Amino acid sequence: MNSASKHVCVIGAGPSGLVTARELRKEGHNVVVLEQKHDVGGQWLYDPNVEDEDPLGKGLFLKVHSSVYASLRTASPREIMGFTDFPFIVKKEEEGGGDSRRYPSHTEVLAYLRDFCEWFGLRVLIRFNTRVEYVGMLNYNDGSGGGCGDGFENLKWIVRSVLEEKKFDDDRRVVGLPASSEEVFDAVVVASGHYAQPRLPDIKGMDEWKRKQMHSHIYRIPQPFKNEVVVVVGNSQSGQDISMELSKVAKEVYLSAKDPSNVTEGLSKVLAKSNNLHLHPMIQSIHEDGRVLFINGQWIIADTIIYATGYSYSFPFLDTKGVVKVDDNVVGPLYEHTFPPLLAPSLSFVGIPQRLIGFPFFESQAKWIAQLLAGKNHLPSVEQMMRSIQELYELRDSSHIPKHHTHLVCFEYCDRYAEFSDSLALEEWRKDLMRSSLVGYLSDLENFRDSYEHDQELLQLAYNSFHFTHFRI
């Protein structure tokens with residue numbers, strides 16, 4: 001281990017955690033990945049067992065992490081999703097086969113992540129079935145006893161975790177399980193994702209509603225809703241997907257959108273051909289007798305309400321003495337959505353930004369973090385980083401962007417990270433395929449995942465690129 005090597009804890013073995021572990025190890029760091037589930041994948045590790053979860057996903061530590069439903073397919077084509085040195089290709093039958101579609105199921109993505117983990121030998125770094133309960137500053141000085149500066153110099157982190165796996169002796173008795181363990185690290189990378197903690201609307205009557213209501217976090221299959229009247233709240237991609245799927249088995253499905261006058265051409269086509277899928281405005285109130293009253297005065301009697309209203313950033317294990325907070329779904333202050341200036345680079349977050357090309361972006365973030373911890377790169381001063389964050393907030397406000405959309409960025413933002421870590425920028429063919437995918441989603445919601453003849457030239461460019469030609473699984 002070289003003198004610049006750090007003992008680093010990565011929280012989560014989803015795509016962001018896996019690539020972070022890989023990049024940290026490349027730079028010579030000693031890496032430990034803590035993963036609460038039994039396998040890699042994070043959100044992509046489908047979990048059908050949701051019976052014991054709170055329907056609305058309330059509580060700090062949820063039993064179910066994945067929000068993936070059984071029929072989910074990616075919203076992006078596989079060609080753009082792969083890490084830079086590990087293309088997401090269709091596997092041959094002799095290699096195990098799988099889902100060959102360009103917009104594959106969650107099962108295929110999980111298989112890709114498992115392959116990535118095995119190819120780069122990352123499994124030995126991961127402690128599975130290990131839930132992180134507490135992450136805090138070991139040598140933080142609040143100033144009450146004197147000492148250095150602002151209390152954040154030369155930080156180390158204490159991580160307390162619980163092994164949840166049960167081991168049995170020959171008589172099936174639980175043996176050899178400590179209640180918890182503690183370990184000290186030089187740095188912590190939070191890569192726990194942001195699609196697990198439900199974000200709920202504030203609707204009058206929610207607490208009194210006696211019928212079924214749930215967040216889409218625990219929606220898995222449509223069969224339980226057969227012949228029901230279902231209201232789906234939220235016109236996001238998942239809300240639309242779930243509504244279309246439910247309309248095949250439910251009696252009636254009402255999709256409640258913030259602005260029903262501003263719907264995509266693709267959704268309009270779906271609504272026009274459906275006899276039992278209806279678009280409504282926001283809900284004004286819900287009532288004990290089953291009535292759902294919309295803001296336009298219309299109402300219906302519903303059996304179930306599903307809230308497809310997104311997710312909140314949540315780090316219940318993290319204690320930063322108030323330095324990092326989540327306020328109206330903004331994690332901050334974070335320099336370039338990654339580093340809290342006062343705690344950088346010993347604390348960082350991977351995967352906070354949304355609406356970009358995820359896996360390559362996580363890789364760029366991971367490279368930057370690994371190089372900074374190795375001393376090969378340097379951050380601006382705390383003052384400069386705080387000023388940059390303030391400028392971002394001011395631009396957001398002057399552009400009338402809602403505060404809770406602070407972490408929504410353009411996928412071209414990936415290029416900025418390439419500059420930070422002196423790595424390659426996002427290939428133009430990836431950007432063009434992403435734009436093509438967005439056009440397809442907006443214009444042909446029902447079929448865009450299976451209609452892509454217009455992408456042939458772009459696909460030829462992609463398959464002839466270094467990304468695909470330099471490596472084969």
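Biologist: Which residues of α8 are the buried ones?

Modeller: In this predicted model, they are C414, D415, Y417, A418, F420 and S421.

Biologist: What makes them count as buried?

Modeller: The label needs under 20% relative accessible area, and these six names are the α8 residues that carry it. Helix α8 runs over residues 414-421, and with 6 of its 8 residues buried we call the helix mostly covered.

Biologist: What do those buried residues pack against?

Modeller: Two other helices, α6 (358-373) and α9 (428-443). Right after α8 comes D422, with a positive phi near 55 degrees.

Biologist: Okay, now L342. Why is L342 called partly exposed?

Modeller: Its relative accessibility is 35%. Buried means under 20% and exposed means over 50%, so L342, at 35%, counts as partly exposed. You'll find L342 in the loop between β20 (330-332) and β21 (347-349).

Biologist: Which residues make the nonpolar surface patch with L342?

Modeller: V382 and M386 join L342 there, and the patch is about 200 Å².

Biologist: And inside, which residues touch the most other members of the largest nonpolar core?

Modeller: L18, L246 and F359, out of 89 residues in that core. Helix α6 gives the core its largest share, 9 residues. Another core lies apart from it, with 25 residues, including M137, V323, V331 and L343.

Biologist: What does F359 touch, leaving out residues up to four places away in sequence?

Modeller: P15, W44, M81, F83, V109, Y112 and L113. To count as a contact, heavy atoms must lie within 4.5 Å, and F359 has such contacts with those residues.

Methods:
Residues numbered from 1 in each chain as written. Predicted model: local features only at pLDDT ≥ 70, side-chain atom pairs only at ≥ 80, totals over all residues. Heavy atoms only, no water. Buried < 20%, exposed > 50% of the residue type's maximum accessible area, 1.4 Å probe, protein only. Helix = DSSP H or I, 4+ residues; strand = E, 2+ residues; numbered from the N terminus. Patch = residues over 30% accessible without salt bridge, like charges linked within 9 Å, V, L, I, M, F, W, Y side chains within 5 Å. Areas by Shrake-Rupley, 256 points an atom, 1.4 Å probe, with all protein chains shown as cover. Salt bridge = Lys/Arg side-chain N within 4 Å of Asp/Glu carboxyl O. Core = buried A, V, L, I, M, F, W, Y, C linked by side-chain atoms within 4.5 Å.
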